[in-house]
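Take a look at the model below. This short report starts at the end of a helix and then turns to the ligand.

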Amino acid sequence: MTRLALIMAMQVEAVPVIAALGATTVPPPTHLGPLPGRLYQSNRDGVDVTVAVNGIDPRHGVANIGTQPAALTTWATALHIQPDLIVSIGAAGGWAGRGAAVGDLVVSDGPVVYHDRRIAMPRFDDYGVGFYPSLPANRLAAALDAKLGTVTTSNSLDETDDDRRMIAANGGDAKEMEAAAVAWVAEMFGIPFVAIKAITDLVDSPTATADQFDANLDIATARLARAAQDLISFASATPLTDFGS
Ligand code: SAH
């Protein structure tokens, strides 16, 4: 493994990761046209690491969370950097009822799915869920002191009754807003993909998700910063074929 791309949604999530890696800002690839993201790079343990952050929406003044910026940032990063591995890394919700606690780290296990793309037509139903492959990564999870789990994506922070039904059908341990889009682009490029998510909030808690997110973001981002460092140490010593068994 020589080149690693970490795709992140929010600058506030990314700052501790960028600091922990000693990454510095690099110019975006302007020849590709306008792009939503920002790029940071460092070399650690012989691995060239690029952190791509989805940037700020210029009209709304908030982070470009969600699937469209994630897909564009991943596409540009894949083309520009040609990474050996693409990682969707960031915050996520979990379920206490499925054993999650705030600050837990989840590594993707099996396909990444959508839980808000309901298309009740033959074949489009499966297309909607996506089932994007993730690299077998049980050894990586052990090295990161993380759990393995199903990562499930939508473009909403809340969980509707319909979402809940789809999550029950396809599983869900980490609920977030980017991984399936990143995994879709990675599959298109034929680049292995893994998601690493730190739990900021519990979906089945009575406390509002946004309040939990704000209260727990520092815990989760500190966990992500440590995970990014551990990932690079692991990746520098381990071929991708040995990330899992
Ligand atoms: N309240 C925050 C917005 C957080 S949006 C703010 O004001 O800045 C949620 C971001 O964290 C998304 O990028 C998403 O991937 C992730 N996330 C964390 N918990 C989530 C949940 N329960 N559902 C969906 N996405 C979640």
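## After helix 6

This is a predicted model. Start at Gly-190, which follows helix 6. The phi of Gly-190 is positive, near 70 degrees.

Now step back into the helix itself. Helix 6 covers residues 179-189. Which of its residues are buried? The buried ones are Ala-179, Ala-180, Ala-181, Val-182, Ala-183, Val-185 and Ala-186.

## Around the ligand

The ligand has 17 residues around it. Which come nearest? They are Met-10, Lys-175, Met-177, Glu-178 and Asp-201.

Sort the shell by class. It holds 8 nonpolar residues, 4 polar ones and 5 charged ones.

## Polar contacts and burial

Two side chains have an N or O atom close to a ligand atom. In Glu-178, such an atom is 2.6 Å from an oxygen atom of the ligand. In Lys-175, the side-chain N or O atom is 2.9 Å from a ligand nitrogen. Leu-157 takes part through its backbone: a polar atom there is 3.4 Å from a nitrogen atom of the ligand.

How much of the ligand does the protein bury? Taken alone, the ligand exposes 570 Å². The protein buries 84% of that.

## The pocket

Where does the ligand sit? The largest pocket holds it.

Four elements each give two or more residues to the shell around the ligand. Three are strands: strand 5 (85-94), strand 10 (174-176) and strand 11 (193-202). The other is helix 7 (209-237).

How values were computed
Residues numbered from 1 in each chain as written. Predicted model: local features only at pLDDT ≥ 70, side-chain atom pairs only at ≥ 80, totals over all residues. Heavy atoms only, no water. Near = heavy atom within 4 Å. Polar contact = N/O pair within 3.5 Å; in protein donor to acceptor, adjacent residues only side chain to side chain. Areas by Shrake-Rupley, 256 points an atom, 1.4 Å probe, with all protein chains shown as cover. 1 Å grid on protein atoms, 1.4 Å probe; cavity = no way out; pocket = protein on both sides within 12 Å on 5 of 7 lines; lining within 4 Å. Sits in = over half its atoms within 2 Å of the grid points. Nonpolar A, V, L, I, M, F, W, Y, C, P; charged D, E, K, R; others polar. Buried < 20%, exposed > 50% of the residue type's maximum accessible area, 1.4 Å probe, protein only.
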